[in-house]
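Open your viewer and keep the selection box handy. We will go from stop to stop, and at each one you will hear what to select and what to look for.

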Amino acid sequence: MEAVPGVEEALGLLAVSRVATVVAVFPIEGWSSAEALETIRRVAPQVPVLVLDDSAGAPEAVRLARLGAWQVFPSDVKPEDLIGEVEAALEDSRLRERAAALPEEPWRRLLVGESRALEDVCRIVRLVGPRRATVLITGETGTGKEMAARAIHAAGPRGRLPMVALNCSALPENLLEAELFGHVRGAFTGALANRAGRFEQAHRSTLFLDEVGEMPLSLQAKLLRVLQEREFQRLGSSETLRADVRVIAATNADLADRVRRGLFREDLYYRLNVVPLRMPGLGERVSDIPLLVCHFLEKICRAEGIPLKRIGRDALDRLMRHSWPGNVRQLENAVEVAVALSGDRGVLTAADFPLPEARAARPAPPRGAPVIAVPDEGLDFERTVG
């Protein structure tokens with residue numbers, strides 16, 4: 001900790017030193033709290049600033065919060081309250097440093113977190129990314145299966161081209177077939193011109209088939225042929241086309257059970273499940289929640305064109321205790337709601353997260369402690385795809 005007598009000295013220190021948190025105690029000669037805060041945040045926009053100012057009544061405190069103050073206190077604040085907020089601000093700074101220090105692999109930034117469960121996923125992505133092997137990604141709704149697919153695509157040479165994606169549950173059977181394989185003019189009512197399907201569009205790239213378990217049985221046979229022969233025909237055409245496509249499929253269904261019930265072809269299941277990848281639920285990677293929240297705040301604030309908001313310790317503790325049945329997607333939605341409810345305030349509080357109390361029963365783990373123990377089994381790639 002270092003103390004300086006004025007704002008100019010603080011600015012000089014910020015310019016040459018790595019400062020995690022600023023505590024500004026007023027009065028400071030020649031400076032109002034608002035002027036000092038604006039100046040400090042111009043020089044160091046990522047550094048949390050706590051303001052102690054007896055003259056800052058409720059309207060002024062609101063104004064300072066809108067200008068980005070981490071917290072505003074009177075000078076007679078209880079030491080334990082001040083220490084608690086300083087610790088929360090320091091933790092916020094550490095989170096942002098950790099997020100910025102993620103590995104240099106570009107695809108790694110698609111998978112936010114440091115938990116053992118996520119590192120197991122990243123290890124498989126590194127192995128299969130450069131290969132052509134088909135990958136089947138399973139996991140609950142909202143766990144980030146498409147993000148994993150994009151990471152696999154970006155981790156290999158096909159990442160130079162855009163990944164092509166198709167949700168197999170979003171279209172009726174006849175339109176799904178036309179989307180997959182394309183069609184010629186007159187193939188069906190409304191087919192006014194020739195159109196390339198997703199396999200053609202994904203030539204030398206990756207085709208991501210989301211919710212593949214919902215694909216009709218009749219189309220499953222055609223998909224199997226493409227995977228085996230690397231060739232297909234447009235709807236309404238007898239011309240055989242070839243495409244060099246790497247397929248990644250995803251499902252939240254139990255495909256093995258669907259096979260037993262006759263709803264999914266067994267041969268297609270084994271053709272898709274060359275390399276299995278299970279995305280863990282958020283309950284298996286609770287320690288990733290702070291980094292995920294930091295990531296979502298930056299993403300949402302940038303999209304909204306507003307100053308970056310931070311999350312208070314009480315709010316983060318609440319998020320760590322919640323059970324998150326909707327996984328990462330639900331967490332992102334909750335952060336987006338909180339940003340909207342916080343209005344002009346720069347720090348999100350627990351009140352900004354209207355979560356069902358019945359689901360907030362999990363005790364928050366100690367900071368820095370591992371949440372789960374995932375066996376480090378590794379993956380023998382050659383045996384898996386051989």
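A residue is called buried when its relative accessible area is under 20%. Keep that cut-off in mind for the first stop, and remember throughout that this is a predicted model.

**Stop 1: two residues with positive phi**

Select Trp324. Its relative accessible area is 2%, so Trp324 is buried. You will find it in the loop between α13 (313–321) and α14 (327–341). Now check the backbone: phi of Trp324 is near 50°, a positive value in a residue that is not glycine.

Next, select Arg230, which sits in the loop between α9 (217–229) and β7 (231–233). Here too the residue is not a glycine, yet phi is positive, at about 60°. Is Arg230 buried or partly exposed? With a relative accessibility of 21%, Arg230 counts as partly exposed.

**Stop 2: a cis peptide bond**

Select Phe26 and Pro27 together and display the backbone. The peptide bond that leads from Phe26 to Pro27 is cis, and its omega is near 15°. Pro27 belongs to the loop between β1 and α2, and both of those elements come up again below.

**Stop 3: the open sheet**

Select β1 (22–25) and β3 (71–73), then add strand β2, residues 49–52. Together these make an open sheet of three strands in the order β1-β2-β3, with parallel pairing. Since β1 and β3 stand at the edges, each has a single partner strand, and one side of each is therefore left without a neighbour in the sheet. On average, neighbouring strands in this sheet are turned by 20° against each other, if direction is ignored.

Zoom in on the pairing of β2 with β3, which is parallel and runs over three bridges. Which residue of β3 stands opposite Val51? Label Val72 and you have the partner.

**Stop 4: a pair of helices**

Two packed helices are described by the angle between their axes and the distance between the axes. Select helix α1 (residues 7–16) and helix α2 (residues 33–43): their axes come within 10 Å and cross at roughly 15°. Angles under 35 degrees count as roughly parallel, so α1 and α2 are roughly parallel to each other. Their crossing is right-handed.

Now show the side chains where the helices touch. From α1, pick Val7, Leu11 and Leu14; from α2, pick Ala36, Thr39, Ile40 and Val43, which they meet. Sorted by class, this contact has six nonpolar residues, one polar residue and no charged ones.

**Stop 5: strand β4 and its two partners**

Select strand β4 (residues 135–138) along with strand β9 (residues 245–251); the two run parallel and are joined by four bridges. Within this pairing, Leu136 stands opposite Ala249 of β9. Then add strand β10 (residues 275–278), which also runs parallel to β4 and is joined to it by four bridges. Which residue in β10 is the bridge partner of Ile137? Look for Leu277.

**Stop 6: the surroundings of Ser205**

For the last stop, select Ser205 in strand β6 (residues 205–210). With a relative accessible area of 1%, Ser205 is buried. What is Ser205 in contact with, once its neighbours within four places in sequence are left aside? Select His153, Arg158, Leu161, Pro162 and Met163, then Asp244, Val245 and Arg246, to bring up these contacts of Ser205. Val245 may look familiar, as strand β9 from the previous stop covers residues 245–251.

Terms used
Residues numbered from 1 in each chain as written. Predicted model: local features only at pLDDT ≥ 70, side-chain atom pairs only at ≥ 80, totals over all residues. Heavy atoms only, no water. Pairing = 2+ DSSP bridges. Axes fitted to C-alpha atoms, helices over the stretch in contact; angles between N-to-C directions. Parallel < 35°, antiparallel > 145°, perpendicular 65-115°, else oblique. Left-handed = near helix turned anticlockwise from the far one by under 90°. Contact = heavy atoms within 4.5 Å. Nonpolar A, V, L, I, M, F, W, Y, C, P; charged D, E, K, R; others polar. Buried < 20%, exposed > 50% of the residue type's maximum accessible area, 1.4 Å probe, protein only.
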